[in-house]
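Subject: Structure for you to look at

Hello,

Here is the structure I promised to pass on. Please open it alongside this note.

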Amino acid sequence: MRLGVLDVGSNTVHLLVVDAHPGARPLPAHSHKADLRLAQLLDPSGAIGPEGVDRLAAIVREAMEAAEDKGVEEVLPFATSAVREATNADEVLARVRDETGVDLQVLSGEEEAKLTFLAARRWFGWSAGKLLVLDIGGGSLEIAYGIDEEPDAAVSLPLGAGRLTAAWLPADPPEAADVKALRRHVRAQIARTVGEFARFGAPDHIVATSKTFKQLARLAGAARSADGLYVQRELKRKSLEDWVPRLAAMTTRERAELPGVSEGRANQLLAGALVAEGAMDLFGVENVEICPWALREGVILRRLDHLPAS
């Protein structure tokens, strides 16, 4: 069947269309993406303002039209941290449902972590042993660990690259004091969770997903996305530590000119790098392997698991 997954994230609204059936690898057929930056459209009370809600409804409607044009039989719509944590989330969801007919399912942070973990487990297989999975989104950082398809531990922290940029790094280029303060904040948040994972022992394989990690790996010399899904890509902590001060000294425009860095995410790359650096350091990780699959694929795989075998 042709499935679509509609991901209303903190940075983008992304429709991924795949051809899939139980027991087979989902094959991407179409991708429709629009920048929204919901995490940066919150007002001082934490609500998504009228302009943001208008744009969200319009983009969801556009994505559903694209899904229909591509012959999608079922769309799996969900929203993550930006909608989940908005003070007017119920109102936003009702408005989207009334105007588009789409009932967005709001995932909890733990559900995000578990579904991303499932995607990584399926990608690397059982031979990867105990997995530690790190995922930096626009609104949150997810960490999960386990040996099965259901992780033994899964947490979500409010350390998304977009959220932190808006709250901590207002200047362009950022002030050195702001970068230092953000680094302290990130490390304090992550440090509180390390013990929860340490009791399970050392992981056999450490994996990172998300656009932030992919862009950081590309800066550190990993293969381009055009080289295909099956090229192994890694990010070493030493390379990341070398890049953080360089990114901190750059303007958004200068970062956008770096290899693999998209213009729309250049402003939040430093915050993402600080989160990646903090997580890798505090978990004692020297290098991570980049996983092409993440939350959207996890949602699709979970749906396929509930379909009858043909």
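Below is what turned up, grouped by topic. Bear in mind that this is a predicted model.

**Second largest pocket**

The second largest pocket holds about 290 Å³ of space. Its lining counts 13 residues. Gln105, Leu107, Leu115, Val299 and Arg302 are the ones nearest the centre. Four elements each supply at least two lining residues: β4 (74–79), β5 (105–106), α4 (109–124) and α11 (295–305). Of these, β4 gives the most, with four residues. By class, the lining has eight nonpolar residues, four charged and one polar.

**Helix α11**

One of the elements lining that pocket, α11, also has a buried set. Leu295, Glu297, Gly298, Val299, Ile300, Leu301 and Leu304 are buried there. Val299 is thus on two lists: buried in α11, and among the residues nearest the pocket centre. The buried residues of α11 pack against two strands given here with their ranges, β1 (2–8) and β2 (12–19). They also pack against β4 and α4.

**Helix α5**

Which residues of α5 are buried? In this helix, residues 161–168, they are Ala161, Gly162, Leu164 and Thr165. They cover an arc of only 165° around the axis, so they sit on the same side of α5. As background, an α-helix has 3.6 residues a turn, so residues three or four places apart point the same way. The buried residues of α5 pack against one strand, β6 (131–136). They also pack against the helices α6 (176–198), α7 (211–219) and α10 (269–282).

**Salt bridges**

How many salt bridges does a search of the whole structure find? The count is 23. Three pairs are described here.

- Asp281 and Arg187: the closest N and O atoms are 2.8 Å apart. This pair links distant parts of the chain, with Asp281 in helix α10 and Arg187 in helix α6, 94 residues apart. Asp281 is partly exposed, at a relative accessible area of 27%. Arg187 is also partly exposed, at 28% relative accessibility.
- Arg37 and Asp35: the closest N and O atoms are 4.0 Å apart. Arg37 counts as buried because its relative accessibility is 14%, under the 20% cut-off. Asp35 counts as partly exposed, at 45%.
- Arg84 and Glu85: their side chains meet in a salt bridge of 3.9 Å, N to O. Arg84 is partly exposed, with a relative accessible area of 21%. Glu85 counts as partly exposed too, at 40% relative accessibility.

The Asp281 and Arg187 pair also belongs to a network of salt bridges. The other members of the network are Arg237, Glu241 and Glu286.

**Asn88**

Where does Asn88 lie? Asn88 is in the loop between α2 (81–84) and α3 (89–100). Is Asn88 buried or exposed? Asn88 counts as buried because its relative accessibility is 12%, and the cut-off for buried is under 20%. Leaving out residues up to four places away in sequence, Asn88 touches Ala47 and Ile48.

**Where to start**

I would open the pocket view with Gln105, Leu107, Leu115, Val299 and Arg302 shown, as these lie nearest its centre. Then turn to Asp281 and Arg187, the pair that joins α10 and α6.

Best wishes

How values were computed: Residues numbered from 1 in each chain as written. Predicted model: local features only at pLDDT ≥ 70, side-chain atom pairs only at ≥ 80, totals over all residues. Heavy atoms only, no water. Buried < 20%, exposed > 50% of the residue type's maximum accessible area, 1.4 Å probe, protein only. Contact = heavy atoms within 4.5 Å. 1 Å grid on protein atoms, 1.4 Å probe; cavity = no way out; pocket = protein on both sides within 12 Å on 5 of 7 lines; lining within 4 Å. Points joined across faces, edges and corners; volume = space filled by probe spheres on them. Nonpolar A, V, L, I, M, F, W, Y, C, P; charged D, E, K, R; others polar. Arc of directions from axis to C-beta.
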